[in-house]
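The following exercises are to be worked with the sequence and the model at hand. Each task is followed by a solution that proceeds step by step.

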Amino acid sequence: MHATTGRLASLDAFRGFTIAAMVLVNNPGDWGHLYAQLAHAHWNGWTFTDCIFPFFLFIGGVAMALSLGRLSAAGADKPRLLIKLARRALLIFLVGFLLNLVPHFNVDSVRIPGVLQRIALCTLLAAPIVVYCGWRAQLAIIGALLALYSLLMLWVPVPGIGAGVLAPGQDFGAWVDRALFGNHLWASSKTWDPEGLVSTLPALCSQLFGVLAGRWLGSGVQRTEQTVWLLLAGLACLGVAAILDTLLMPINKSLWTPSFCLLMTGWAAIVFAAFYWLLDVNPYAALRTAAARWTWPFVIYGMNALFIFAMSGLVANMLGYVKFAQPDGSLRSAGEVLYAPIAALPIGAVNASLLHALLFDACMFLLAWGMWRQRWFVKV
């Protein structure tokens, strides 16, 4: 734990690791040449890339539980807390929506859902549950939400298709999104959206699982025991996910199925437990110092995670938008011009694409490092 701020070093490091991974997978040099783990699963199944978004929601839940716990202990007014969180959610939503607008500002077809928009909605919905409900009620709400989602997806018929069809664009959630958003959906599909409205229900559960983890950390139980139980809970979630994958719905990030929710919660709990023990719990000073040194870049990233994510998206959009005239009269984007010398290296197309992503990530880290040096922390 940071001595001066009371922040968990492990939570900042885990958040920074997640944002660094998000920037990496979002910015390859060539989308046609990727290592399999650096792309989303095509439909069912999962890859490393599919872990990133649920990790971020889990982290948000942990942070929400810890911060609200401190404020409640200090006697904060609960309605005021909810208003503050609602304003935060609105700001996050607007940032995400503006990123979708840039650079074309085409209001007629701009995508309304998105990553930040889902984070905002989960924050808004989780706030009263965290403020007013105990852990038993929170666990019951998670179960109810997953059951409701399963009923909607498996039993409510889609006009012209039927019930329980989980193919792309044919599921109940996709039908709802088309009815509500029209042509304001993900441009790559136009008929469904990976951050759609119905699948936000199990995504909210991912955040609430993080809330339960945060409550556990604030429970006063001895920290080594906390770590052990986090690991055991993570393993239990992996086991339940495997059962749900077979008996209920397959693991699918785009649909955020219950099996996917439980699987990613399990991995998030395990990875966070590792960070927690290394940076905040373990009694070996030399090991703790070494762990702090090696995870220091992640901690810096984690201190301005939301800003870095938004800035990386803005830069990527502009690199695709700004064009330069070539000697043959053609136009090439700034991103293509910058990638050309990397693509020319004799390292193979996949490795060149990865090198571009790593260099982009390094640039974002330098920005985060400069902000950290100046003590500029963007709070939302």
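**Exercise 1. Determine which residue R111 meets in a salt bridge at 2.7 Å, and where the two partners lie.**

Solution. The side chains of R111 and D193 meet in a salt bridge, with 2.7 Å from N to O (a salt bridge is a side-chain nitrogen of Lys or Arg within 4 Å of a carboxyl oxygen of Asp or Glu). This pair links distant parts of the chain: R111 belongs to the loop between α3 (78-101) and α4, D193 to the loop between α6 and α7 (200-217), and 82 residues separate them. Helices (H or I, at least four residues) and strands (E, at least two) are DSSP runs, numbered from the N terminus. Both R111 and D193 are buried, where buried means under 20% relative accessible area, exposed over 50%, and partly exposed in between (1.4 Å probe, protein chains only).

The model is predicted: local features need pLDDT of at least 70, side-chain atom pairs count only at pLDDT 80 or more, and totals for chains, interfaces and linings use all residues. Residues are numbered from 1 along each chain as its sequence is written, and side-chain values use heavy atoms, with hydrogens and water left out.

**Exercise 2. Extend the analysis to the salt bridge between E195 and R111.**

Solution. The closest N and O atoms of E195 and R111 are 2.6 Å apart. E195 lies in the loop between α6 and α7 and R111 in the loop between α3 and α4, so the pair ties together parts 84 residues apart in sequence. E195 and R111 are both buried. A network of salt bridges links R111, D193, E195 and K253. A search of the whole structure finds 4 salt bridges.

**Exercise 3. Describe the salt bridge between R15 and D12.**

Solution. The side chains of R15 and D12 meet at 2.8 Å, N to O. Both residues lie in helix α1 (residues 9-26), 3 residues apart, which is about one turn of the helix. R15 and D12 are both buried.

**Exercise 4. Test the length of helix α4 against expectation, then locate its bend.**

Solution. The expected span is 1.5 Å times one less than the number of residues. For the 18 residues of α4 (residues 115-132) this gives 26 Å, and the end C-alpha atoms are 26 Å apart, which agrees. The helix bends by about 30 degrees at A126, and the proline P128 follows within four residues; the bend is the angle between axes fitted to the seven residues ending at a residue and the seven starting there. The buried residues of α4 include L116, R118, I119, A126 and V130.

**Exercise 5. Identify the residues of the nonpolar surface patch of about 450 Å².**

Solution. The patch is made by L314, M318, Y321, V322, F324 and V337. Patches consist of residues with over 30% relative accessible area and no salt bridge, with like charges joined within 9 Å and nonpolar side chains (Val, Leu, Ile, Met, Phe, Trp, Tyr) within 5 Å. Helix α11 (residues 305-321) gives the most to the nonpolar patch, with 3 residues. V322 is in the loop between α11 and β1 (323-325), and V322 is partly exposed, with a relative accessible area of 33%.

**Exercise 6. Compare the radius of gyration of the protein with that of a compact globule.**

Solution. The radius is taken over C-alpha atoms, and the globule rule is 2.2 Å times the number of residues to the power 0.38. For 380 residues the rule gives a value near 21 Å; the protein has 21 Å, which agrees. Along its principal axes the C-alpha trace spans about 70 × 60 × 40 Å.

How values were computed. Accessible areas come from the Shrake-Rupley method with a 1.4 Å probe; for residues, only the protein chains shown count as cover.
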